Amino acid sequence: MIGNWIKPISRPSIMASVRSETLWRLGAMKAVTLILDYIVSVGGKVTSVKLSRVDLCVDVLLPDSIWSTDLLKFSVSRCNKIGIHLGNRLEKLQTIEFSTRKSPIMARLYDKPLEIQEKSNKEWMFDVWGIADVPKGYRIIRIEFQLRREVLKQLGMNSPSDLNNLCSNAWGYCTQEWLNFKDNPGKHQKNQRKTLTWWSVVQNGFMEISQPVPLIRFRASNSDEKQLVAQTFGYLSSIQALMVESNGNYPTSRNDIENVLLNFPLKANELGKGQREFKDAIELKRAKYVRTQEKLKMVIERRKEFFNINLE
C-alpha cells in the first residue's frame with residue numbers, strides 16, 4: 001500500500017504486508033530485504049523501517065483428549081475477552097481466541113489442518129511439519145499471537161533487526177506472562193500451580209525455529225495451477241453448452257475439447273480480445289507470480305524497453 005502524498009507525514013509512505021507463504025518459504029528477514037531492495041530498484045528512498053504488526057506462532061501435536069473447551073479451566077491470561085468457535089454441527093472445537101478490548105495483542109489456538117481443509121488450502125504446511133498426514137488420535141494445534149505496534153514498542157521491537165534479535169523474548173512474554181496454562185484450577189498461589197507439560201513445549205517452541213522451506217512455492221504453484229485448470233475446464237464447458245443451446249442444431253459430435261478450444265478465439269475476438277490483448281494479459285499476470293529479486297529486476301527492465309519502443 002503506497003500513500004499518495006509527497007512529503008513525509010505521521011503515517012508511513014509505504015505499508016507492506018508479508019503473507020505466510022513468503023514467510024515460511026524465505027524467512028522473515030529475507031522477505032523484508034526483498035521488499036526493501038525492490039523499493040530502491042524502482043527509485044524509492046528508504047529512510048526508516050518500522051514494525052506495525054507481527055504474528056508469531058508455534059504448531060504442536062496434541063492428543064485429541066487435550067483439545068477441548070476444558071482447556072479454558074487451565075488458562076491464565078491478561079485478556080478480558082475469550083471466544084470459542086465450533087464447527088457447523090457444534091461438535092468440533094475449531095478455535096479458542098484470547099483478546100483485550102482494544103486488541104493490541106491477541107492469541108488464537110486452532111486446529112491448523114482443519115483450517116487448511118476448510119479455508120486456506122495451504123497443503124504445503126505438511127512439508128514444513130515433515131509429515132504426510134496427522135497421526136490418528138492427534139491434532140496439530142497452532143498457537144498464534146498477533147502483536148500490534150503498541151505492544152511491539154513495549155517489547156523493544158521497532159525494526160526488522162529487532163524482530164530478528166528479540167523474537168524469542170517476545171514469544172517468552174506471550175507464552176509466560178500474557179497467556180499460560182497451569183494445573184490446579186482455582187488455586188491462587190503461584191507455587192501451587194505448575195505450567196502444563198504441553199504448554200512448556202509451546203513456551204520452548206522458539207528454541208527450535210523452523211528454517212525456510214523452498215519447496216513451499218513449488219507446492220503452492222502446483223495447487224494454484226490445478227485450481228485454475230479446474231476453473232478453466234468449467235468455464236469452457238459452460239461456454240460450449242451455451243453455444244449448443246443457442247445454435248439449436250449444433251452437432252454434438254463437435255463437443256470434444258479440441259473443437260471448443262478452436263472456437264474460443266473466435267468468441268474472444270467478438271469481444272475485442274485478440275492475440276495482442278492475450279499477450280498483454282499474460283505479462284500483467286506474470287508480475288503477480290514473480291517471487292525472486294532477479295525476476296523483479298527483469299520485469300522492470302522489460303517495462304522500460306516497452307515504454308522506449310512506444311515513445312520512439
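Helix α4, residues 112-120, lies across three strands: β4, β5 (105-111) and β6 (138-148). Its direction makes about 80° with β5. A second helix, α7 (residues 160-178), also packs on the sheet. Helix α7 touches β1, β4, β5 and β6, and its direction makes about 110° with that of β6. Everything described here comes from a predicted model.

Now take the sheet itself. Five strands make it up, in the order β1-β6-β5-β4-β3. The sheet is open, and the pairing is antiparallel. Strands β1 (53-63) and β3 stand at the edges. Each has a single partner strand, so one side of each is left without a neighbour in the sheet. From one strand to the next, the twist averages 15°.

Start the walk across the sheet at β3, residues 81-86. Strand β3 pairs with β4 (residues 93-99) through six bridges, in the antiparallel sense. One residue to find here is Ile 84, which stands opposite Ile 96 in β4. Ile 96 also leads onward, for its bridge partner in β5 is Leu 109.

That step brings us to the pairing of β4 with β5. These two strands run antiparallel and share five bridges. They form a hairpin, with five residues between them. Look in the turn for Ser 103, which has a positive phi of about 55°.

Strand β5 continues to β6. Seven bridges join the two, again with antiparallel directions. Arg 108 has Glu 144 in β6 as its bridge partner. How enclosed is β5 by the rest of the structure? Six of its seven residues are buried, so the strand is largely enclosed.

Return to the edge strand β3 for a contrast. Ile 82, Ile 84 and Leu 86 form a nonpolar patch on the surface. Together they have about 230 Å² of accessible area. The numbering of these three residues invites a general remark. In a regular strand the side chains alternate between the two faces of the sheet. Is Leu 86 buried, partly exposed or exposed? Leu 86 has a relative accessible area of 37%. Buried would need under 20% and exposed over 50%, so Leu 86 counts as partly exposed.

Next, look at Trp 198, in helix α8 (residues 197-203). Its relative accessible area is 11%. The cut-off for buried is under 20%, so Trp 198 is buried. Which residues does Trp 198 touch, leaving out those up to four places away in sequence? They are Leu 62, Ile 66, Leu 71, Leu 109 and Phe 181. Leu 109 has already appeared as the partner of Ile 96. Phe 181 is 17 residues from Trp 198 along the chain, and the C-alpha atoms of the two are separated by 8.9 Å.

Finally, step back to the whole chain. Its secondary structure comes to twelve helices and seven strands. The chain has 312 residues, and 30% of them count as buried. About 21500 Å² is exposed, with carbon and sulfur atoms supplying 54% of that area. What share of the contacts between residues at least 6 apart in sequence join residues at least 24 apart? The share is 64%.

Notes:
Residues are numbered from 1 along each chain as its sequence is written. This is a predicted model: local features need pLDDT of at least 70, side-chain atom pairs count only at pLDDT 80 or more; totals for chains, interfaces and linings use all residues. Side-chain values use heavy atoms; hydrogens and water are left out. Patches are made of residues with over 30% relative accessible area and no salt bridge: like charges are joined within 9 Å, nonpolar side chains (Val, Leu, Ile, Met, Phe, Trp, Tyr) within 5 Å. Accessible areas come from the Shrake-Rupley method with a 1.4 Å probe; for residues, only the protein chains shown count as cover. A salt bridge is a side-chain nitrogen of Lys or Arg within 4 Å of a carboxyl oxygen of Asp or Glu. Helices (H or I, at least four residues) and strands (E, at least two) are DSSP runs, numbered from the N terminus. Buried means under 20% relative accessible area, exposed over 50%, partly exposed in between (1.4 Å probe, protein chains only). Contact means heavy atoms within 4.5 Å. Two strands pair if DSSP finds at least two bridges between them. Axes are lines fitted to C-alpha atoms, for helices over the stretch in contact, and angles run from 0 to 180 degrees between N-to-C directions.
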